[in-house]
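This report walks through a protein model, beginning with how its parts are arranged and ending with a pair of helices. Please keep the sequence and the structure in view while reading.

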Amino acid sequence: MKKESIYGLTFDQLAAWLMEQGQKKSRAQQVWDWLYRKRVADFSEMIDVNTECIQLLEQHFDIATLDEHLRQESADGTVKFLFRLQDGNLIETVLMRHKFGLSVCVTTQVGCNIGCSFCASGLLKKSRDLSGGEIVEQIMKVQLHLDQARQDEKVSHVVVMGIGEPFDNYANLSNFLRVIKDHKGLAIGPRHITVSTSGLADKIVEFADSDLHVNLAISLHAPNNDLRTRIMKINRAIPIEKLMEAIDYYLEKTNRRITLEYILLKDVNDRKEHALELVGLIGDQRRQLVNVNLIPYNPVDEHSQYQRSEQESVRAFYDALKKKGVSCSVRLEHGTDIDAACGQLRSKQIKKGANSDSDDNRVAVG
Ligand code: SF4
């Protein structure tokens, strides 16, 4: 029988479960410590936990459900992991090195149904949601990779921007966030965590009302409905007006800054007129709480209709926003010498029919 991943439980859920099994309340802290501070790979390594409790954990939970299938390491320190899930599906996780720390980008679904027309991940339709445990374990696997290098490095930031629409897997996303934020365990600060959505308006409202308090990024990619529907078919169901209503609710409720992601596609949405239309859409009221993140496009073979914007166009777009007082940044690129676009590594491996295990799956590039 397939067991649940232990990483899917929040601290309170673990404590409640242990008490139901007749264990002392204090046992939860002990187990949590072994999982997230000492980071054991097997329940039997929890040497000060009583045998009965270890057996209960072993009977009901798995501690490892992800297998590393492939690893690509870039010259800039970016590491892409391709993990195989227990059902054989493959998912991607990325470790990035920044000046401010180490950040991990996690996947929340196997495939994605949102179908953004530029995206390598969306080429493979969603086959299922990841469990909360499978999302947490991506962070644990990356942290163990760092632990093994013995450099005393810690994952400090998390971005939920990998394959999938996180708000389409909201309950598991919430559990994941509660686990990684828990100050008794991984203790990743809420301000160091960003969830990115394609713009599911009702979930943005639910997120605003929640006690999760992590950062929000929204994939906008176009300043008007015609263009956005061309780039992101979700815009047919949730047009910009509805999205903006949800954004306003979020800003009003939380008073937290949001990021609008804007992928720059050559001659599609990267002209100065688009920048000025975007300024108008953001408007004076929202300007103080909005940052636009411009993303130079990473071309994907299957979407040859899109090319990368010229550097001058990126500059001009950025300048146009800045001149109008809109806070703006250009995303730094990571792992350009490996399969840089989100989902590219996974889709290439699936096309290759990557179902056989290899003796040494590590690929060093650069
Ligand atoms: S960009 Fe994100 S939401 Fe859009 S298809 Fe790709 S994974 Fe899905």
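## Two domains and their contact

How many residues of domain 1 are in contact with domain 2, and how many residues of domain 2 are involved? In this predicted model, twelve residues of domain 1 are in contact with 17 residues of domain 2. On the domain 1 side of this contact, strand 1 (4–5) and helix 2 (27–36) each supply at least two residues, and helix 2 makes the largest contribution, with three residues. By character, the residues on that side of domain 1 comprise five nonpolar, four polar and three charged.

As for the division itself, domain 1 covers residues 4–62 and domain 2 covers residues 67–356. The C-alpha centres of the two domains are 32 Å apart.

## Positions annotated as active site

The UniProt record, an unreviewed entry, places the feature "active site" at Glu92 and Cys342. Of these two annotated positions, Glu92 can be described further: Glu92 belongs to strand 5, which runs over residues 90–98, and Glu92 is buried, since 26 other C-beta atoms lie within 10 Å, where 20 or more are required for that label.

## Positions annotated as binding site

The same kind of caution applies to the next annotation. UniProt, again in an unreviewed entry, gives the feature "binding site" for Gly164, Glu165, Ser196, Ser219, Leu220, His221 and Asn298. One of these, Glu165, is located in the loop between strand 9 (155–160) and helix 5, and because Glu165 has 26 C-beta neighbours inside 10 Å, Glu165 counts as buried. When residues up to four places away in sequence are not counted, Glu165 touches Gln109, Cys112, Ile114, Thr197, Ser198 and Leu200.

Leu220, also among the positions that UniProt lists under "binding site", sits in the loop between strand 11 and helix 7 (225–231). Leu220 is buried, with 28 other C-beta atoms within 10 Å, and, leaving aside neighbours within four places in sequence, Leu220 is in contact with Leu260, Glu261 and Tyr262.

## Two residues with positive phi

Most residues other than glycine have a negative phi. Against that background, Ala187 has a positive phi of about 55° although it is not a glycine; Ala187 is placed in the loop between helix 5 (170–181) and strand 10 (193–197). Is Ala187 buried or exposed, or does Ala187 fall between the two? Because Ala187 has 13 C-beta neighbours inside 10 Å, Ala187 counts as partly exposed.

His213 likewise is not a glycine, yet has a positive phi, here of about 50°. His213 lies in the loop between helix 6 (201–209) and strand 11 (215–219), and with 13 C-beta neighbours inside 10 Å, His213 counts as partly exposed.

## The pairing of helix 6 and helix 9

How do helix 6 and helix 9 lie relative to each other, and at what angle do their axes cross? The axes of helix 6 and helix 9 (residues 240–254) come within 9 Å and cross at roughly 5°, and the two helices are therefore roughly parallel to each other, the cut-off for that description being an angle under 35 degrees.

On the helix 6 side, the residues that meet helix 9 are Ala201, Ile204, Val205, Ala208 and Asp209. Helix 9 contributes Lys242, Leu243, Glu245, Ala246, Ile247, Tyr249, Tyr250, Lys253 and Thr254 to the contact with helix 6. Taken by character, the residues of this contact divide into nine nonpolar, one polar and four charged.

Note on methods. Residues numbered from 1 in each chain as written. Predicted model: local features only at pLDDT ≥ 70, side-chain atom pairs only at ≥ 80, totals over all residues. Domains from an automatic or database assignment. Contact = placed C-beta atoms within 7 Å. Helix = DSSP H or I, 4+ residues; strand = E, 2+ residues; numbered from the N terminus. Nonpolar A, V, L, I, M, F, W, Y, C, P; charged D, E, K, R; others polar. Buried ≥ 20, exposed ≤ 12 C-beta atoms within 10 Å, placed from the backbone. UniProt positions renumbered as here; feature names shortened; annotations may be inferred. Axes fitted to C-alpha atoms, helices over the stretch in contact; angles between N-to-C directions. Parallel < 35°, antiparallel > 145°, perpendicular 65-115°, else oblique.
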